[in-house]
Amino acid sequence: MRKVLLLCMLMVCTILAYRAEAQVRTISGKVVASDGNTLPGVTVVVKGTTQGASTDANGTYTLASVPTTATVLVYSFIGYDTKEVAIGDKTTIDVSLVPNTTGLDEVVVIGYGTQLRRELTGSVATISGADIAQKPVQSFEQSLQGRAPGVNVTTPNGVLNTPPVVRIRGVNSINLSSSPLYVIDGIPAFSGNNSALSSVPNNPLSNVNPNDIESIEVLKDAAAAAIYGSRAAGGVILVTTKNGKKGQSRISLDSWVGWSKPVRLYEVLGAEDYMLIKNEAVRNLNANRASVGAAANNREGFLPSYDADGNVVNTRWYDYIYRTGFSHSNALNFSGGTEKTSYYASVGYTGQNGMLKNNEFKRLSGRINIDHKVYKNFTVGARIGYSNNYNSSPNSGSIGDAAFSIAGLGRAPLVLPPNVAARNPDGTPNINTAGNGVGPGANTNPAPNYAPLVTGYYNPLVDLENNYFTSEGNEIQGSLYANWEILKGLNVRTTYGLNNSSFEDQLFYTALSGDGYATGGQAANYFRTNKRWNWQNTAQYDRSFGNHNASILLGGEQQRTQVDRWGASRTQVADDFFNTYQGNYTNIAVSGNSQGENYLVSYFGRLTYDFNKKYLASINVRRDGYSAWGNEKWGNFYGASLGYIVSEEQFWKDAAFSNVFNFLKFTGSYGEVGNSQGINDFASLSTYGSGLYGSSATLGYSTAGNPDLTWETSKKTDVGFSFGLFQDRVQGDFSYYRNLVDGLILDVPQAPSRGVPNNTIAANVGSMRNTGIELNMNLRAIQGKDFSWTVNGNYTTLKNRVETLVTEGQRIATATSGLEIVNFTEVGRSVGEILAVPSLGVNPLTGQRMVRKIDGTVVQYNHLGTTGPGSTGWTTLDGVNTTAPTQLADGIYYGPTLPKWYGGFDNTFRYKNFDLGVFIQFSGAIISIMAPNRACMTSASGTMKKIS
């Protein structure tokens, strides 16, 4: 009996085990793209559950223990349409995903959240991280030129890590900054040149490794940017770094190599032609002097020099200054995730050599991003990045406050004589032993006494072989967050972020020659710290009821920023052996000290609503309080927008043309945002500066404050439409924008009797506007299994006009590095147009330069001088003495200096696992100081400088 019972129990267990086995199954398969290439990292989930897996490097996946009750698998991957597949009785399911070429269903990062592109009513451009990861740049914003409509990027010179000039839909200020606000993983970042030296730049945005970037969003209109309120007038650029994805761990190595070299250098004379022309000039001088009865005793003193082998010296100074620079970059990253935790970690190193000798940029970076689901409704995470960058450059003469430097290497090959050797026979740099500058060679002064002819320009080898200018930075940028879903659709989130960086800048000038000659050598050290913490708290509620969908965001933010810099300069080196600050010097002086601090308190909100995914609306509001202001510390900013997806209407879907014209959305927005970027931290206060009178401490009135000073305000209007043709094979968007900037902060002249420093007080008095259109187009020209060709292009126009300044007829002059004044701003014209006296070339009868005055009179200049009453050297064409033309009285405007149109054109060809990209960026209708023989600047003394 006992044996029978045991046998029955065994049979029951076997049946139960079989039934349990039969209730689950294993499903496997492979996921490929429409072109047949495998897709790693695709998420495969059993619909209605959290059970899932990710495809491996071969595109395969396996789902174990899938319940027999499961009916559908969901396949999703960024950049591809989500696909649902019925399971049935299959255990092997292979799937092909179609690229989401329109991007309408892609998630777009907006301020303090995300939104589907289809539902966007603001103007937001997106640049994929993949589009910039392999670009040979130092900072990510350098690669934005031509990538997005409305975004114009200008690199001011060829020195590595020079911050580019980024303008979104034009210039938005005259005295303050027009740069956009940069937000990295939700935390506002420092930008601009943070180096204390005029010869080497340091851009803190270069601390972000472009390979770590997932996407970049550009918020252009008020509807998109108003959530950032008082900092959004110049637009907002949001940078999102990469996250890990659930599934198998991945490791990736990305590398690139490149070369840079100067192109389109000006053709300069060789030694033989140089001596021929210069001596011809001496003969002409003698002839001119003889014609007026003066002594014609100038000597043809431009003579050949010879090297040690007896060859005539023919120095091509370009060869001593420029080079072909080799650059490389390597980035290694690890990523992966589970049901609860996802991670992304990376290390990177780039070393780049510029086309100028001694110009170098290095960056070592590391990053870790992690998200962890503590409970099903509570998530925490961190974004932490560290970077060290090193910048070295010679004195190029092209960095902001060093432009047109006499010692600048950019100018040297254009002005140094080619018949003078760069080196002495012993290999040392050829310098003037009786003074400063390059040695004269065999050249003598044509004027009597015929002394050796010293040019006054420096030998660039002295700078390259003895001087140095370096800037090294260390930065940690990161944030911690916690997100709690209190109720379904209701999320509260707190984020605390830091952006701390330090910069050490060092320079040395040798006493041998050049800029350090007069001071007997110089060394200087500067140290700067940027400290910022930012704390954000938000609550967001998303709710759908019937055809109504709404999202409400409420939040608060506080931010504290501190910037300190101190330094010292030492001169008169005790021994040529010393070339660092720590050596022995005779003199020491404090240099470059500064201190600043500001605090921002904000409250903001956003409401988005749509009905049936057709009728869209959004409103953003923000109230900011800023410590730099006095009586007007608080300001209110907003942006509102509407959208209408016509193609979602039934009549459109039923129309015959809907197969061709499958998508159409209209949008419009208006709002007001502010600008405080670039304002002094204590602008509303009257301040005093300390000093010494002999050995006695003193205080001096240094700045007159204005307690009523407040934000500049930009009133932005935007209307446009988006479309898709041929089932989104062609898609694009068009926008018209208008931006009225009001309350520009300008210096208002004061009577000298008031005793105000500089006789000015800043006030909100000016206005200007920017208008234009934007067009963006994407085309899938060819989409085959092995070969594809996609085309992307964008085009933007810009018209800038100054509406009001302080006084009627006022001209605001902008000096180039404090050296010369070329650009002026005047009502009715674009910002910074060039004011110049028109040049008509050379009078063939007299050989004298001709220019045209404002009244139309043509005058010419005789460098030998004139005689008789009213002699100035200037005469009319019939020889009558006249007054000299001046820039302010006789100049006419050449402009604009801003591009009237710009854009980019990108072609991407893919064949199996190979791809080729051809990218062209363009801009036009710009007047700049570039080409000769268009106009000339004249001073009272009659000297001229050619401009275009």
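Patches here are built from residues with over 30% relative accessible area and no salt bridge, joining like charges within 9 Å and nonpolar side chains (Val, Leu, Ile, Met, Phe, Trp, Tyr) within 5 Å. This is a predicted model, so local features need pLDDT of at least 70 and side-chain atom pairs count only at pLDDT 80 or more, while totals for chains, interfaces and linings use all residues. Residues are numbered from 1 along each chain as its sequence is written, and side-chain values use heavy atoms, with hydrogens and water left out.

**View 1. A nonpolar patch on the surface.** Tyr541, Ile552, Leu554, Leu607, Ile619, Val621, Tyr638 and Tyr670 make up this patch of about 650 Å² (accessible areas come from the Shrake-Rupley method with a 1.4 Å probe; for residues, only the protein chains shown count as cover). Strand 25 (548-573) and strand 28 (615-626) each chip in at least two of the residues; strands are DSSP E runs of at least two residues, numbered from the N terminus. Leu607 sits in strand 27 (residues 594-611). Is Leu607 buried or exposed, or something in between? Leu607 counts as partly exposed because its relative accessibility is 37%, where buried means under 20% relative accessible area, exposed over 50%, and partly exposed in between (1.4 Å probe, protein chains only).

**View 2. Glu712, a buried acid without a salt bridge.** Glu712 belongs to strand 33 (residues 712-725). The nearest side chain of opposite charge, Lys716, is 11 Å away (Lys and Arg count as positive, Asp and Glu as negative; His and the chain ends are not counted). A salt bridge would take a side-chain nitrogen of Lys or Arg within 4 Å of a carboxyl oxygen of Asp or Glu. What the Glu712 side chain does reach is the backbone nitrogen of Ile745, at 2.8 Å. Beyond four places in sequence, the contacts of Glu712 (heavy atoms within 4.5 Å) include Asn172, Val673, Asp742 and Asn764.

**View 3. Asp906 meets Arg147.** The side chains of this pair form a salt bridge at 3.2 Å, N to O. Asp906 lies in strand 45 (residues 901-911) and Arg147 in the loop between strand 10 (124-128) and strand 11 (151-154), so the pair ties together parts 759 residues apart in sequence. Both Asp906 and Arg147 are buried.

**View 4. Arg560 meets Glu597.** Here the salt bridge has an N to O distance of 2.5 Å. The pair links distant parts of the chain, with Arg560 in strand 25 and Glu597 in strand 27, 37 residues apart. Arg560 is partly exposed at 28% relative accessible area, and Glu597 is partly exposed at 34%.

How values were computed: Helices (H or I, at least four residues) and strands (E, at least two) are DSSP runs, numbered from the N terminus. A polar contact is a pair of N or O atoms within 3.5 Å; within protein, one must be able to donate a hydrogen and the other to accept it, and residues adjacent in sequence count only if both atoms are side-chain atoms.
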